[in-house]
Amino acid sequence: MALHFELVTPEKLVRSEEVYMVVVPGTEGDFGVLAGHAPVMSVIRPGELTVYSSANSVTARIPVEGGFAEVNEKGLTVLAEAVGEAA
Amino acid sequence: MASLKALKNRISSVKSTQKITRAMKTVAAAKLRRATDAAVAGRPYAERLEAVMASLASKVTIGPNSPKLLAGTGKDEVQLLVVATGERGLAGGFNTNIVRAARIKADQLIAQGKKVRFYIVGRKGRAAIRRIYPGMIVADHDMSHAKKAAFADALEIAKDLIARFEAGEFDVAHLVFSKFQSALVQLPQTIQLIPAAVPQAANDGPRGVNAAVEYEPDEESILAELLPRNVAIQIYRALLENQAGFYGAQMNAMDNATRNAGDMINRLSIQYNRTRQAAITTELVEIISGAEAL
């Protein structure tokens with residue numbers, strides 16, 4: 001089962017894709033979100049979003065500059081203030 | 001009757017004006033497309049933020065400890081109007097309409113005995129507001145350096161506003177800008193910026209899913225993070241809408257100007273031809289009567 005992941009900045013919708021897992025840098029610590037995660041709303045600190053396309057493969061590390069992460073029944077939405085180049 | 005030479009000069013001057021207005025129209029059309037794209041691209045963020053705000057606000061009860069940006073200062077004595085206009089003119093009534101909307105709001109507030117202050121964004125509103133309400137502008141934010149509305153600008157304005165709000169400079173802030181309806185229609189609008197006008201979550205709907213949401217760190221701190229951001233987003237949206245509206249208005253104004261110039265050229269050409277014909281006839285009459293006299 002895939003997780004629907006969306007990354008939005010005020011300027012545009014950066015990513016909208018199906019992934020396996022995303023590790024989000026929350027203010028209270030990093031947390032990984034898989035499909036079917038319980039609803040969470042968290043503030044994120046400046047750091048890196050790590051996107052996994054499968055259990056062992058990292059497809060992207062995206063530097064983000066603070067914002068919010070919301071997990072609901074539709075998937076994970078990250079509202080970031082600014083997004084750096086994916087590495 | 002104007003001389004032939006004068007008419008010719010006028011025609012060529014109107015023609016070159018028409019060239020300029022036509023070029024400006026084309027440029028405005030291209031920029032309009034870019035501006036609407038930017039406005040559309042900014043929509044998902046704003047929509048999601050609004051949804052999050054709504055679901056949070058329904059959970060947090062407004063008390064004496066809740067953030068001031070949400071609850072307000074409890075007074076409404078000093079009202080701040082943030083007026084966002086365009087940077088440039090030549091866009092028909094675009095800037096005037098925004099200023100007019102601001103005036104209506106300001107006069108209304110003054111009539112209620114409130115103190116009104118202005119915060120100006122964009123060059124074109126400054127002069128007009130200063131003329132009508134001298135000494136009431138607290139600050140203005142110059143946007144002329146930027147070619148397009150950037151979120152960084154909105155953020156800067158929001159920070160400044162919030163700092164002033166926290167320093168107790170004003171109690172309520174409204175934002176006046178022009179909503180982009182279509183290339184032909186721009187609606188000047190006034191929205192409440194501070195305290196945040198929280199979208200009322202649909203409480204009647206089944207929102208059981210929401211009840212189980214876990215908040216990290218907790219509702220209040222998230223809300224405290226979110227509110228300043230919301231101010232920035234509102235301003236950013238206003239800037240985007242303004243920009244799109246401005247180019248729409250400019251495109252329209254320039255289209256009209258081009259058409260008017262065309263009409264004028266037609267009229268002048270007819271006059272020119274008539275005058276020329278009259279001159280030829282007179283000349284012929286002179287030659288013939290000269291010949292007859294011999």
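Let me start with the two domains of chain B, whose centres, taken over C-alpha atoms, are separated by 52 Å in what is, I should say at once, a predicted model. Domain 1 of chain B is assembled from two stretches, 4-22 and 254-293, while domain 2 covers 31-252.

Staying in chain B, I would like to look at a pair of strands. Strand S1, residues 78-84 of chain B, and S2(B) pair in the parallel sense, and 7 bridges hold that pairing. Within it, Leu81(B) has Phe118(B) in S2(B) as its bridge partner. As for S2(B) itself, which takes in residues 115-121, 6 of its 7 residues are buried, so this strand is largely enclosed by the rest of the structure.

Phe118(B) comes up again when we turn to Val83(B), since it is among the residues that Val83(B) touches once those up to four places away in sequence are set aside. The others on that list are Ile98(B), Ala102(B), Ile120(B), Val121(B), Gly125(B), Ile129(B) and Val176(B). Which residues, then, touch the most other members of the largest nonpolar core? They are Val83(B), together with Val82(B), Ile235(B) and, from the other chain, Val22(A), in a core of 91 residues. The largest share of this core, 19 residues, is supplied by helix H8 of chain B, residues 219-293. As general background, nonpolar side chains in soluble globular proteins tend to be buried together.

Now to chain A, which has 9 strands and 0 helices, so that, read from the N terminus on, its elements run β-β-β-β-β-β-β-β-β. Its radius of gyration is 11 Å, close to the 12 Å that the globule rule gives for 87 residues, and chain A is therefore as compact as a globular protein of that length. Along the principal axes, the C-alpha trace of chain A spans about 30 × 25 × 25 Å, and 34% of its 87 residues count as buried. If we take the contacts in chain A with a separation of 6 or more, 43% of them are between residues 24 or more positions apart.

How do the two chains meet? On the side of chain B there are 19 residues in contact with 20 residues of chain A. Helix H2 (43-57), strand S6 (214-216) and H8 are the elements of chain B that each give two or more residues to that side, and H2(B) gives the most, with 5 residues. By type, the residues of chain B that touch chain A comprise 14 nonpolar, 4 charged and 1 polar. There is also strand pairing across the chains, for strand S5 of chain A, residues 40-44, runs parallel to S6(B) and is joined to it by 3 bridges. Opposite Met41(A) in this arrangement stands Tyr215(B), a residue of S6(B).

I will finish with two local backbone features in chain B. The peptide bond from Ile194(B) to Pro195(B) is cis, with omega near -10°, and Pro195(B) itself sits in the loop between strand S5 (186-194) and helix H7 (208-211) of chain B. The other feature is at Leu90(B), where phi is near 55°, a positive value in a residue other than glycine. Leu90(B) belongs to the loop between S1 and helix H4 (94-111) of chain B. Is this residue buried, exposed or partly exposed? Leu90(B) counts as partly exposed, because it has 15 C-beta neighbours inside 10 Å.

How values were computed. Residues numbered from 1 in each chain as written. Chains lettered and ligands numbered in written order. Predicted model: local features only at pLDDT ≥ 70, side-chain atom pairs only at ≥ 80, totals over all residues. Core = buried A, V, L, I, M, F, W, Y, C linked by C-beta atoms within 7 Å. Buried ≥ 20, exposed ≤ 12 C-beta atoms within 10 Å, placed from the backbone. Helix = DSSP H or I, 4+ residues; strand = E, 2+ residues; numbered from the N terminus. Contact = placed C-beta atoms within 7 Å. Domains from an automatic or database assignment. Nonpolar A, V, L, I, M, F, W, Y, C, P; charged D, E, K, R; others polar. Pairing = 2+ DSSP bridges. Rg over C-alpha atoms; globule rule 2.2 N^0.38 Å.
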